[in-house]
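Work through these exercises with the model open. Each task is followed by a stepwise solution.

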Amino acid sequence: MFTKCANCGVNMKFSDEGTFHLKNISESEIKSLSFPVIGLGDTYKSGYQSLEQLAEMADEVSAVNSELECGISAKNNYAQYMKADLFKTRLENRETVEFIQSGKLISHLQPIVNISTGELYAYESLLRADSSEKPISPYELFQVANKAEMHSLLDQRAREEAIRARKNHIQSGVKSFINFLPSTIYNPEYCLQHTFHVVNKYNVDPADLVFEVVETEKIQDVNHLKKVFETYKREGMKVALDDVGAGFSTIEMLKLLEPNYVKIDRSYVDRCDEDSEKQKFLKEVTHVSKELGITVLAEGLERIEELKVCKDVGIDLCQGYLIGKPEPTAKTPIINTSVAS
């Protein structure tokens, strides 16, 4: 059994009424509050009868000292504490926060094909809220998760859902590309145990899994990412470096990180048939990657002309709306790459 560490975020349900708790608050700070509190030492509490009243109390505490610790309890539940500003953020976004904690997630699957043969190679798993839930975009989920310090929990849940979807929809031998946020993996040896446990739980072949750095991630610690990659590889899984050419993913990093795959940023693919500089970059990345034994994937293909350029420069794999859109089930690619011959 795997328990969540503090970095995965403290789960909290905001009941309509309950008890508001304060910790490590001084006498002078207590006197500045407009609502009554009772307690002993540095721990105090006050009842609330509505979420609106709780929000007013949280605003007041945050204005007094944003570093104060506070929490809530209802019935027999114990209070779990966090800093006042964080508590306020979670309360303001409580519907999304509760969805991150327990809402139903699904994976949409986008096909990836061998650019030379047109054969299906893999699917990328893309996180979505289930259609039975309140509509919420992946962007909003990750934005709130980041603000509410719950990005580790959401990233962990997303990885599990991607592995579960693979078990249900993708045949053995076809790979799954699964996004991850390196910043949510504080200690690879510990944080990834949950993922490895899920792989075993669903009896998925580790060799069919490719874990890729998500496109929005700004890498600060390259050595840390290298350790994460090494941990995945040690368990028999593959790793991919996304966004090559757009910021942190420079060609120099390919040699340092030794990914199994590189995904070329779609900005270099978009209308590459009309831009000689983009074609030069595609050739350079492909040449360096092949020398290092790295498989190259072009993403964001939407036009036959782009597919032809990528095929001509020797890129191995491709994905994009031209090949197939993300779907709740594993759909067959809608175009054969032979049309670009």
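**Exercise 1. Find how many salt bridges the whole structure holds, then place the pair Asp130 and Lys104.**

Solution.
- Step 1. This is a predicted model. A search of the whole structure gives 21 salt bridges.
- Step 2. Check the pair. The side chains of Asp130 and Lys104 form a salt bridge, at 4.0 Å from N to O.
- Step 3. Place the partners. Asp130 sits in the loop between β7 (120-129) and α5 (138-147), and Lys104 in the loop between α4 (94-102) and β6 (105-114). They are 26 residues apart, so the pair links distant parts of the chain.
- Step 4. Judge the burial. Buried means under 20% relative accessible area. Asp130 has 12%, so Asp130 is buried. Lys104, at 47%, is partly exposed.

**Exercise 2. Which parts does the salt bridge of Arg234 and Glu189 tie together?**

Solution.
- Step 1. The side chains of Arg234 and Glu189 meet at 2.9 Å, N to O.
- Step 2. Arg234 belongs to helix α9, and Glu189 to helix α7 (residues 188-191). The pair therefore ties together parts 45 residues apart in sequence.
- Step 3. Glu189 is partly exposed, with 41% relative accessibility.

**Exercise 3. Locate the partners Asp316 and Lys290, and give their exposure.**

Solution.
- Step 1. Their side chains form a salt bridge of 3.0 Å, N to O.
- Step 2. Asp316 is in the loop between α13 (304-313) and β13 (317-318), while Lys290 is in helix α12. The pair ties together parts that are 26 residues apart in sequence.
- Step 3. Both partners are partly exposed: Asp316 has a relative accessible area of 23%, and Lys290 has 42%.
- Step 4. Now look for shared partners. Salt bridges join Arg271, Asp273, Glu274, Arg303, Glu305 and Glu306 into one network.

**Exercise 4. Describe the backbone and setting of Arg271 and Asn203.**

Solution.
- Step 1. Start from the general rule. Most residues other than glycine have a negative phi.
- Step 2. Arg271 has a positive phi, near 55 degrees. Its place is the loop between α11 (266-269) and α12 (276-291). Its relative accessible area of 39% makes Arg271 partly exposed.
- Step 3. Asn203 also has a positive phi, near 55 degrees. Asn203 is in the loop between α8 (193-201) and β9 (209-213). At 62% relative accessibility, Asn203 is exposed.

**Exercise 5. Is β6 largely enclosed or open, and which strands pair with it?**

Solution.
- Step 1. Count the buried residues. Nine of the 10 residues of β6 are buried, so β6 is largely enclosed by the rest of the structure.
- Step 2. Follow β7. Nine bridges join β6 to this antiparallel strand. His108 faces Leu126 in β7.
- Step 3. Inspect the hairpin of β6 and β7. Five residues lie between the strands, and Gly118 has a positive phi near 80 degrees.
- Step 4. Follow β13. Two bridges pair β6 with β13, again antiparallel. Asn114 stands opposite Leu317.

**Exercise 6. Which residues touch the most other members of the largest nonpolar core?**

Solution.
- Step 1. This core has 52 residues, and the answer is Phe180 and Tyr232.
- Step 2. Helix α9 (residues 222-234) supplies the largest share, five residues.
- Step 3. Check Tyr232. Its contacts beyond four places in sequence include Arg159, Phe180, Leu192 and Phe211.
- Step 4. Turn to the second, separate core. It has 24 residues, among them Phe14, Phe35, Tyr48 and Leu91.

Terms used: Residues are numbered from 1 along each chain as its sequence is written. This is a predicted model: local features need pLDDT of at least 70, side-chain atom pairs count only at pLDDT 80 or more; totals for chains, interfaces and linings use all residues. Side-chain values use heavy atoms; hydrogens and water are left out. A nonpolar core is a set of buried Ala, Val, Leu, Ile, Met, Phe, Trp, Tyr and Cys residues joined through side-chain atoms within 4.5 Å. Buried means under 20% relative accessible area, exposed over 50%, partly exposed in between (1.4 Å probe, protein chains only). Helices (H or I, at least four residues) and strands (E, at least two) are DSSP runs, numbered from the N terminus. Contact means heavy atoms within 4.5 Å. Two strands pair if DSSP finds at least two bridges between them.
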